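Me: I have a structure open in front of me and I am not sure how to read it. Could you take me through some features, one at a time?

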Amino acid sequence: MTLENIKNLNDKYFVNIYNGRYPLCFINGDGVILTDISGKKYVDFVAGIAVNTLGYNHPTLVNAIYEKAKSVMHCSNFYFIKEQAILAEKLCNISFGNKVFFTNSGTEANEGAIKMAKRYFSKQGIKKHKIITLKNSFHGRTLAMVAATGQEKYQKPYMPLVNGIVNVEKGNVAALENAIDDETCAVMMELIQGEGGVLLMGKEYVQAVRKLCSDKGILLIFDEVQTGIGRTGKMFAYEHFGVTPDIMTLAKGLGGGFPIGAIIASDTYASFEPGDHGTTFGGNPMACACAQAVLNTIIKDNLLVHVETLGKYLGDKLKDLEVKYNFVCKSQGMGLLRGLKFDDKVILATIINKMMDKGFLLCPSGGNTLRMVPPLIMDKVNLNKMLDALNEVLSEI
Ligand code: PLP
């Protein structure tokens, strides 16, 4: 099958939603390298948008999948699931939490987290149901998460939105405080707005939000779907901010490419009673075995230190580009979640295409930011190759 055949089938039968796909179809992956249908190789700085933590064809992950495929791939939550119980324990051991619920995606984890926050109050007979999120955020695409996602472009086609969710200006403690009333139940936020342009929240702001939530008796939910699982050089981004949330959500990198999400909470806030929530696929043996393989490898191979070191190196090099080129506005991010903001959308598209021609995959974020979210196993040789190519491309603009 050629790329042209695939494109024709896609255009005829697939809902026209991913308009403007890049003209590539990958058929092989190994380490941090993807091979497309024409045989051309690419160094991957997209990683399925911060998903393929261990890159491609990682023996531990492949073996975990193989073992589950030939034993029990899926099993209903009617029954006890060994891999689920072990993964839940592991996540509690490495985080602030002591209870976990598994989902299939980040959106579902966020929906569940909000239900959990509401249930915490409704169980006590307290009428608190409103959720506050930040402008420019991204929390997913279901109806409630579109309302939580504080960006008009995602909300506009689905008006009127689910009510009870308000979006306030980020970085503004007073705006948040003004939005909190007697019916407010929780604040949900990202620590780095990954889809919104790789925008890092200030430490003081995050600490002020934590204090405000505690003072007002409302819950704080961190959406770590993009920032969690080692992406920032710590297992969870909240560790950089000197605070803990009441509830945290994960997905993306957790399964290393196999779909799984998680809601993690402290005992107090893990409010669900039997029957309050549930899922067919969430936390099945295959998904949990994959997540275990990812977490075990991150720990065994010391990947957090690697991400911190390589991420700092990348951050310094991107800062140099910011100084060197006047159309580069800002280098931002943490660890291996990095962005380079340009003053123009068109320049960004040109750069991504030129980098693709040179064999490097990069993706956009927030309209005019070049995002770099490689597998956590990215190496310095390939990183330097990408930086040289990027410098060359920028010098041609
Ligand atoms: N939350 C954040 C911070 C995200 O970056 C994303 C996806 O980009 C989501 C939630 C939604 O996750 P999913 O696409 O797995 O539903």
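Reply: Happily; we will look at a helix, some strands, one residue and a pocket. Keep in mind that this is a predicted model.

Me: Let's start with helix 9. How many residues does helix 9 have, and how far does it reach from its first C-alpha to its last?

Reply: A helix can be checked by comparing its span with the expected one, at 1.5 Å a residue. Helix 9 covers residues 203-216, which is 14 residues. Its reach is 20 Å, close to the 20 Å expected.

Me: Which residues of helix 9 are buried?

Reply: Here the cut-off helps: buried means under 20% relative accessible area, and exposed means over 50%. In helix 9 the buried residues are Tyr 205, Val 206, Val 209, Arg 210, Leu 212 and Cys 213. They sit on the same side of helix 9, because they cover an arc of only 165° around the axis.

Me: And which exposed residues are carried by the face turned away from that buried side?

Reply: That face of helix 9 carries Glu 204, Lys 211 and Asp 215.

Me: What covers the buried residues of helix 9?

Reply: To answer that, look for the elements in contact with them. The cover includes strand 5 (130-134), helix 8 (173-179), strand 7 (184-189) and strand 10 (219-223). Just after the helix comes Gly 217, with a positive phi near 70°.

Me: Strand 7 is on that list. How do I read its pairing with other strands?

Reply: Look at the bridges and the sense in which the strands run. Strand 7 runs parallel to strand 5, joined by three bridges, and Lys 130 is partnered with Thr 184 of strand 7. With strand 10, strand 7 pairs in the parallel sense too, over four bridges. There, Met 188 stands opposite Ile 221 of strand 10.

Me: Why is strand 7 described as largely enclosed by the rest of the structure?

Reply: Count its buried residues: six of the six are buried, so strand 7 is largely enclosed.

Me: Now a single residue. Is Thr 249 buried or exposed?

Reply: Thr 249, which lies in strand 11 (residues 247-250), is buried, with a relative accessible area of 0%. Leaving aside neighbours within four places in sequence, its contacts include Ala 109, Phe 222, Asp 223 and Ala 262.

Me: Last one: what volume does the second largest pocket have?

Reply: About 540 Å³. Of the 21 residues lining this pocket, those closest to its centre are Lys 99, Val 100, Phe 101, Phe 102 and Phe 272. Helix 4 (82-94) and strand 4 (99-103) each supply at least two lining residues.

Note on methods. Residues are numbered from 1 along each chain as its sequence is written. This is a predicted model: local features need pLDDT of at least 70, side-chain atom pairs count only at pLDDT 80 or more; totals for chains, interfaces and linings use all residues. Side-chain values use heavy atoms; hydrogens and water are left out. Buried means under 20% relative accessible area, exposed over 50%, partly exposed in between (1.4 Å probe, protein chains only). Contact means heavy atoms within 4.5 Å. The expected span of a helix is 1.5 Å times one less than its number of residues. The arc is that of the directions from the helix axis to the C-beta atoms. Two strands pair if DSSP finds at least two bridges between them. On a 1 Å grid over the protein atoms alone, a cavity is a set of points where a 1.4 Å probe fits but cannot get out, and a pocket is an open set with protein on both sides within 12 Å along at least five of seven lines; lining residues have an atom within 4 Å of a point. Grid points are joined across faces, edges and corners, and a volume is the space filled by probe spheres set on the points.
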